[in-house]
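Here are a few exercises to work through with the model open beside you. Try each one before you read its solution.

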Amino acid sequence: MTNDRRKPGFTLIELLVVLTVIGILTTIVLVSLQSIRGKARDARRVSDVRQYMLALELDYDDHLKYIEKGAIGVIDQPPSKVSSYLDPAPTDPGSAPAACQPEGYRWWGNAGQGQKYCLWACLEAGTFFAASPKGTRILSSPPSGLDCW
């Protein structure tokens with residue numbers, strides 16, 4: 001009679017193969033999550049611009065003109081008139097491409113007439129989501145004036 005009993009367990013090769021497969025799967029999942037995070041930040045930017053647009057429209061309904069701001073500006077703190085409609089005020093989620101510096105929501109305000117505005121955010125793909133009294137649109141370059149497009 002021979003004693004041919006082996007101890008139960010895994011060999012070193014089996015453990016290395018399993019760890020390698022787990023490492024490859026983890027890498028694939030992490031790479032795919034990066035694009036999902038970028039899309040989530042873009043969705044938030046679009047939503048935030050729409051919230052600012054809604055606040056501007058509500059203020060327009062109250063005062064029959066849009067808030068005046070003579071030049072382009074970064075929306076760090078919304079004008080006090082709009083902040084009553086936004087609590088808390090949306091802020092950019094960050095991680096925008098280098099072409100979008102400085103980060104943040106930007107806008108052209110009125111220069112006396114009170115009937116136009118243009119606000120926009122830079123998206124991860126380098127495009128721009130713009131909003132104006134005409135509606136919203138995706139642009140390939142940043143707006144250059146009150147008309148947005």
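## Exercise 1: Salt bridges

Searching the whole structure turns up five salt bridges, a salt bridge being a side-chain nitrogen of Lys or Arg within 4 Å of a carboxyl oxygen of Asp or Glu. Keep in mind that this is a predicted model, where local features need pLDDT of at least 70, side-chain atom pairs count only at pLDDT 80 or more, and totals for chains, interfaces and linings use all residues. Residues are numbered from 1 along each chain as its sequence is written, and side-chain values use heavy atoms, with hydrogens and water left out.

Task: work out which residue forms a salt bridge with Arg44, and where the two lie.

Solution. Start with the atoms: Arg44 pairs with Asp48, and their closest N and O atoms are 3.6 Å apart. Next, place them: both sit in helix α1, four residues apart, or about one turn of the helix. Helices (H or I, at least four residues) and strands (E, at least two) are DSSP runs, numbered from the N terminus. Now check the surroundings. Asp48 counts as buried because its relative accessibility is 7%, while Arg44, at 38%, counts as partly exposed. The cut-offs are under 20% relative accessible area for buried, over 50% for exposed and in between for partly exposed (1.4 Å probe, protein chains only).

## Exercise 2: A network

Task: find which residues are joined with Arg45 into one network by salt bridges that share partners.

Solution. Take Asp92 to begin with: its side chain meets that of Arg45 in a salt bridge (3.0 Å, N to O). This pair links distant parts of the chain, with Arg45 in helix α1 and Asp92 in the loop between α2 (80–83) and β2, 47 residues apart. Both ends are buried: Arg45 has a relative accessible area of 0%, and Asp92 one of 18%.

Then go to Glu124, which also bridges to Arg45, with the closest N and O atoms 3.1 Å apart. Here too the pair links distant parts of the chain, since Glu124 lies in the loop between β3 and β4, 79 residues from Arg45 in helix α1. Glu124 is partly exposed, at 25%.

Put together, the network joins Arg41, Asp42, Arg45, Asp92 and Glu124. As for Asp42, this residue of helix α1 (residues 12–63) is buried at 15% relative accessibility. Leaving out residues up to four places away in sequence, Asp42 touches Leu123, Glu124 and Ala125; contact means heavy atoms within 4.5 Å.

## Exercise 3: The nonpolar cores

Task: say which element gives the most to the largest nonpolar core.

Solution. First, the term: a nonpolar core is a set of buried Ala, Val, Leu, Ile, Met, Phe, Trp, Tyr and Cys residues joined through side-chain atoms within 4.5 Å. The largest has 17 residues, and Val49, Leu56, Val82, Tyr117 and Leu119 have the most contacts inside it. At least two residues each come from α1, β2 (105–108), β3 (118–122) and β4 (128–132). The answer is α1, with five residues. A second, separate core has nine residues, including Ala96, Cys100, Cys118 and Trp120.
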